[in-house]
Amino acid sequence: MAYVSLAFGLLTAGVGVLAIVAPETFGMFLRKAQTPGGLYLSAGNRVLFGIALLLSAGGSRLPDVLTPLGVVFLGAGLALPFLGYEFFRSAVDIFLSMGPWIARIWGIVALGFGLFIVYAVAPRSLAV
């Protein structure tokens, strides 16, 4: 399961890089994801990421950090469908209305978070 968490971390870092270097492309991707299916895909990704973090926390470098993160992601994924499509759509609209600098700031946070997850779950023989 650590490899699934590692993949999620790399994906998060990659999306962060996209938001930093091409905020307009990132915004276009978000707009295309503003569908009821996108809501469930987003919720499902959070649930899978949360489960992966919970299952890989025990063998990680930072189990006391990854366990609560896993619980938060799992809870967010389970709660998102109950908040509804209109909430999801309006949250994305508000985020996109703030301009490219907000996307870049979010991208920096996502890049750092993704790299943190990679560090925390990477096999010790691969990490520096």
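Here are some questions and answers about a predicted model, centred on helix α6 and the largest pocket.

User: Happy to start with α6: what length does the helix reach from its first C-alpha to its last?

Analyst: Helix α6 covers residues 100-121, which makes 22 residues. At 1.5 Å a residue, 32 Å would be expected. The span in the model is close to that, at 31 Å.

User: Within what arc do the buried residues of α6 fall, seen down its axis?

Analyst: The buried residues of α6 are Ala103, Gly107, Ala110, Gly114, Ile117, Val118, Ala120 and Val121. Seen down the axis of α6, these buried residues line one face of the helix, because they fall within an arc of 160°.

User: Which exposed residues does α6 carry on the face turned away from its buried side?

Analyst: Let's go round the helix from its buried side, which packs against α1 (2-21), α2 (23-32), α3 (36-57), α4 (63-83) and α5 (85-97). On the face turned away from that side, the exposed residues are Trp101, Ile108 and Val109.

User: Which helix gives the most to the lining of the largest pocket?

Analyst: A good one to look at in the structure: the pocket holds about 1100 Å³ of space, and its lining has 25 residues. Each of α1, α2, α3, α4, α5 and α6 supplies at least two residues of that lining. With 6 residues, the helix that gives the most is α3.

User: How many residues of that lining are charged?

Analyst: The residues nearest the centre of the largest pocket are Val15, Leu30, Ser42, Arg46 and Trp106. Across the lining, 20 residues are nonpolar and 4 are polar. The number of charged residues is 1.

User: Does Ser42 count as buried or exposed?

Analyst: Ser42 lies in helix α3 and is one of the residues nearest the centre of the largest pocket. Leaving aside neighbours within four places in sequence, Ser42 is in contact with Leu80 and Phe88. The cut-off for a buried residue is under 20% relative accessible area. Ser42 has 16% relative accessibility, so Ser42 counts as buried.

User: And Val72, is that residue buried or exposed?

Analyst: Val72 lies in helix α4. A residue is exposed when its relative accessible area is over 50%. Val72 has 53% relative accessibility, so Val72 counts as exposed.

User: Finally, what distance separates the C-alpha atoms of Val72 and Trp101?

Analyst: Val72 belongs to α4, while Trp101 is on the face of α6 turned away from its buried side. Along the chain the two are 29 residues apart. Their C-alpha atoms are separated by 26 Å.

Conventions: Residues are numbered from 1 along each chain as its sequence is written. This is a predicted model: local features need pLDDT of at least 70, side-chain atom pairs count only at pLDDT 80 or more; totals for chains, interfaces and linings use all residues. Side-chain values use heavy atoms; hydrogens and water are left out. Helices (H or I, at least four residues) and strands (E, at least two) are DSSP runs, numbered from the N terminus. The expected span of a helix is 1.5 Å times one less than its number of residues. Buried means under 20% relative accessible area, exposed over 50%, partly exposed in between (1.4 Å probe, protein chains only). The arc is that of the directions from the helix axis to the C-beta atoms. Contact means heavy atoms within 4.5 Å. On a 1 Å grid over the protein atoms alone, a cavity is a set of points where a 1.4 Å probe fits but cannot get out, and a pocket is an open set with protein on both sides within 12 Å along at least five of seven lines; lining residues have an atom within 4 Å of a point. Grid points are joined across faces, edges and corners, and a volume is the space filled by probe spheres set on the points. Ala, Val, Leu, Ile, Met, Phe, Trp, Tyr, Cys and Pro count as nonpolar, Asp, Glu, Lys and Arg as charged, and the others, Gly among them, as polar.
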